[in-house]
Amino acid sequence: MREVLILLLTLFPTSVAAAPDGYFDLLPGVTLETGDTWTSDGKRYRLYGAQSCLRGTSYTDKHGQKRDCGEASLAVLAAYIKDTKPVCAPIVKKDGIAYVVCYATVGKGRLDLANVLITSGYAFAALNGEGLPYHVPYAVAEQLARDKRAGLWQFEDVRHPAILLSREVNARNKKADP
């Protein structure tokens, strides 16, 4: 049996390397919008439960230079895509965006791409309207990254994007109230 498997792997390497049923390959060349959202073939995708740093927001690096936080998240996502060749599966579609879960292959291991981004400190646990995480394990991973001062958490002025987004919503609601 083992010999048959080896023969099949030798004869058909592309079929073995293809994404499993229900998944699609996330390959370099997609158009990254943010560190959690991209477009490919006219469709928009977003990592479920993850929130990247907002583009246009900044942090101060160790040399005192202001850097774009969203660009840092985007660059790290691009590097993970290039290096780990993730595969993704859509789990829900809402407002024209397919929310997906992806796993990256590192060595013989399969890792949740959103979790990797969060634990490395370049993404955050996305929060719902009540301020609760969509996926609780991501909030735990975020706290661990924060405690270790991983990635963007090493910079004193990094702010969770949920705080910035909630402030924006509150400001809009105050303008709408008579």
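Let me begin with L47: leaving aside its neighbours within four places in sequence, this residue is in contact with D36, W38, V100, C102, L113, A114 and L117. I should say at once that what we have in front of us is a predicted model, and that everything I describe was computed from it.

The reason for starting there is the core. The largest nonpolar core has 23 residues, and of these it is W38 and L47 that touch the most other members. The elements that contribute two or more residues to this core are β4, which covers 43-47, α3 at 69-84, β9, α4 at 113-119, β11 at 123-125 and α5 at 136-148. Apart from that core lies another, of eleven residues, and among them are Y59, C69, A72 and F124.

Let me turn to the strands. Strand β3, residues 37-40, pairs with β4 in the antiparallel sense over four bridges, and within that pairing T39 stands opposite R44 in β4. The two strands form a hairpin with two residues between them, and D41 in the turn has a positive phi of about 50°. On to β9: here β4 pairs in the parallel sense, again over four bridges, with Y45 standing opposite A98 in β9.

Strand β9, residues 97-106, is also joined to β8 by seven bridges, and those two strands run antiparallel. The bridge partner of K94 in β9 is I97. This is a hairpin too, with two residues between β8 and β9, and D95 in the turn has a positive phi of about 55°. Strand β8, residues 87-94, is in turn joined by two bridges to β1, residues 24-25, in an antiparallel arrangement, where F24 has C88 as its bridge partner in β8.

Now the helix α3. How far does α3 reach from its first C-alpha to its last? It has 16 residues and reaches 23 Å, close to the 22 Å expected at 1.5 Å a residue. At the N-terminal end of α3, D68 acts as a cap, with a side-chain oxygen 2.8 Å from the backbone nitrogen of G70. After the helix comes K85, whose phi is positive, near 45°. The buried residues of α3 are C69, G70, A72, S73, L74, V76, L77, I81 and T84. As a general point, an α-helix has 3.6 residues a turn, so residues three or four places apart point the same way. What covers the buried residues of α3 includes β2 at 31-32, β5 at 50-52, β6 at 58-60, β7 at 66-68, β9 and α4.

I would like to spend the remaining time on the aromatic rings, of which the structure holds six pairs. Y23 and Y103 form an edge-to-face pair, with 5.5 Å from centre to centre and 70° between the planes. Because Y23 lies in the loop between α2, residues 13-17, and β1, while Y103 is in strand β9, this pair ties together parts that are 80 residues apart in sequence. Are these two rings buried or exposed? Y23 counts as partly exposed, at 33% relative accessibility, whereas Y103 is buried, with a relative accessible area of 13%.

A second pair is formed by Y59 and F155, whose ring centres are 4.6 Å apart and whose planes are at 25°, so this pair is stacked. It links distant parts of the chain, since Y59 is in strand β6 and F155 is in the loop between α5 and α6, residues 161-176, with 96 residues separating the two. Y59 is buried, with a relative accessible area of 10%, and F155 also counts as buried, at 12% relative accessibility. Ring pairs also link F24, W38 and Y45 into a cluster.Finally, a word on N115, which is found in helix α4. N115 is partly exposed, with a relative accessible area of 28%, and, leaving aside its neighbours within four places in sequence, N115 is in contact with Y138 and A141. The C-alpha atoms of N115 and Y103, which are twelve residues apart along the chain, are separated by 9.3 Å.

Definitions and conventions. Residues are numbered from 1 along each chain as its sequence is written. Side-chain values use heavy atoms; hydrogens and water are left out. Two strands pair if DSSP finds at least two bridges between them. A nonpolar core is a set of buried Ala, Val, Leu, Ile, Met, Phe, Trp, Tyr and Cys residues joined through side-chain atoms within 4.5 Å. Buried means under 20% relative accessible area, exposed over 50%, partly exposed in between (1.4 Å probe, protein chains only). Contact means heavy atoms within 4.5 Å. The expected span of a helix is 1.5 Å times one less than its number of residues. A polar contact is a pair of N or O atoms within 3.5 Å; within protein, one must be able to donate a hydrogen and the other to accept it, and residues adjacent in sequence count only if both atoms are side-chain atoms. Rings of Phe, Tyr and Trp (its six-membered ring) pair if their centres lie within 6.5 Å; planes under 30 degrees apart count as stacked, over 60 as edge-to-face and the rest as tilted.
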